[in-house]
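Hi,

Here is the structure I promised to pass on. Have a look through it first, and my notes follow underneath.

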Amino acid sequence: MKLRQWTTVGVVAVATIAALNTVPATASRPYDPTAQSLATLGLRHGLHVGTAVSIDALNDASDPQYRTLASSEFSSVTAENAMKWESLEPTRGTYNWAPADQLVDFAKRNRQSVRGHVLVWHNQLPGWLTSGVADGSISKQELRELLRKHITTVVKRYQGKIWQWDVVNEAVSDPWDTPSTLHYKGFWAQNLGPGYIADAFRWARAADPKALLFYNDYNIEAFGSGNPADDKTQFVYDMTKGLRAQGVPIDGVGSQGHLGTQYGNFDTLQVTAALKKFSGLGVATAFTEVDVRSQMTAGVQAGNSEEINPRLQASAANFSVLMKACLAVRSCLSYTVWGFSDRHSWVPGWFDDPPEGLATIYDENYQPKRAYQELKSDLIFAGPPYVLPRLAPKPRR
Ligand code: G3I
């Protein structure tokens, strides 16, 4: 690693430690790390602990705890939906900036960093765009120009206010797709070919020279067979390596971290190894959308603790695996949860057969769950020599 290409986020950590030490612990008033927020404990390591934010929940006057926790527990925020293309430009040429602006203002008021999500994705595109392409009224050439304009407009509007942009999201297929051999999937690859990925990073860089530009995807927590035909992590690794070799300004790879307790998950060292391998390419890493869902059996729904407890424990263990791996690798700049309370989680609305839920770190009444406590203890018990301040790459030109 060439050190001059990286900057230490540890300055933040040192400042935070200094701040924590301004009031010395005494026998009568010992310093109690368990009383600190995830944000404060993370910043000891230069690590941002973030959350996705729902603007509807933020604006719900009857739900003040949402706003309180979103502002106090986290040092980074991501718009769960407000920066997606369908939200920003529901009608062609008419932008609805208000919700995204609100999130950026909220972050500024609370001294939080912002992860911009998302510039190029095949989901949540405006109807006028997808139907225009389907009926042939938008040509391929015009589509490419619309994408360039979209990226340029959005990135310029928030220039200097976004720490990390998810430039391209979920471009790679899964083994259960057809064909099962991994490939570039979805609307953009089908209409523009995979070259749109390099274009998108170049357009984003031209619009903001300083934001860290990320590729973001799920099911890339650990390497599998090593064969890019069926190992999605390997496919994304090879893609990143290829983009870097071409001089494309990709600064980071975000691993979403949507896990489920019903699946065989990874151990901390497998995840650590994957983060290390990506950072060997010179890119930053981050967990960007962590949640760990469980099947809501009849017993769980009836409140049967014998069914609920193992799920809460498995969920906590999985949140913790990703956090420990992130702490162990200095390129891992942030750990973002995809919503922090079961009151506002995308999971129950998405997975209904069988129903799934219990995916976040606070329950529906904002009581911290075991997962929250485990994340906290991971942050408290980490430190040198194995856990060192973060190292961020300089944005690539
Ligand atoms: O805004 C409409 C509302 O007007 C309408 O009444 C309601 C009825 O269904 O739908 C609302 O839109 C919903 C939107 O979230 C805002 O709440 C959509 O139906 C719903 O599909 C959409 O789901 C979002 C999902 O992305 C869509 O793909 C989730 O909230 C959001 O958490 C989820 O986030 C994605 C990341 O962006 C990328 N990675 C995966 C992650 C989870 O799917």
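**Pocket, ligand and a few backbone oddities**

The lining of the largest pocket breaks down into 14 nonpolar, 15 polar and 11 charged residues. For those classes, Ala, Val, Leu, Ile, Met, Phe, Trp, Tyr, Cys and Pro count as nonpolar, Asp, Glu, Lys and Arg as charged, and the others, Gly among them, as polar.

Before going further: this is a predicted model, where local features need pLDDT of at least 70 and side-chain atom pairs count only at pLDDT 80 or more, while totals for chains, interfaces and linings use all residues. Residues are numbered from 1 along each chain as its sequence is written, and side-chain values use heavy atoms, with hydrogens and water left out.

Back to the pocket. Pockets and cavities were found on a 1 Å grid over the protein atoms alone: a cavity is a set of points where a 1.4 Å probe fits but cannot get out, a pocket is an open set with protein on both sides within 12 Å along at least five of seven lines, and lining residues have an atom within 4 Å of a point. Grid points are joined across faces, edges and corners, and a volume is the space filled by probe spheres set on the points.

The largest pocket has a volume of about 940 Å³. Its lining takes in 40 residues, with Glu170, Tyr218, Gln256, His258 and Trp346 nearest the centre. Elements giving two or more residues to that lining are α11 (232–245), β8 (258–260) and β9 (284–295); β8 has the largest share, with 3 residues. (Helices, H or I with at least four residues, and strands, E with at least two, are DSSP runs numbered from the N terminus.)

So where does the ligand go? It sits in the largest pocket, meaning that more than half of its atoms lie within 2 Å of the pocket's grid points. There are 14 residues around the ligand, and the closest are Glu80, Lys84, His117, Glu170 and Glu289; to be counted, a residue needs a heavy atom within 4 Å of the ligand. That shell has 4 nonpolar, 6 polar and 4 charged residues.

Three side chains make polar contacts (N or O pairs within 3.5 Å) with oxygen atoms of the ligand: His117 at 2.7 Å, Trp338 at 2.9 Å and Asn81 at 3.0 Å. On its own the ligand exposes 790 Å², and the protein buries 52% of that (Shrake-Rupley areas, 1.4 Å probe).

As for enclosed space, there are 3 cavities of 30 Å³ or more. The largest cavity has a volume of about 60 Å³, and its lining has 6 nonpolar, 3 polar and 1 charged residues. Among the lining residues are Ile220, Val253, Leu275 and Phe287. Two or more residues each come from β7 (252–255), α12 (268–279) and β9.

Lastly, the backbone. Most residues other than glycine have a negative phi, and most peptide bonds are trans. The His117–Val118 bond is cis, with omega near 10 degrees, and Val118 belongs to strand β4 (113–120). Asp353–Pro354 is cis too, with omega near 0 degrees; Pro354 is in the loop between α15 (347–350) and β11 (356–357). Gln124 has a positive phi, near 55 degrees, and lies in the loop between β4 and α7 (127–134).

Cheers

Technical notes:
A polar contact is a pair of N or O atoms within 3.5 Å; within protein, one must be able to donate a hydrogen and the other to accept it, and residues adjacent in sequence count only if both atoms are side-chain atoms.
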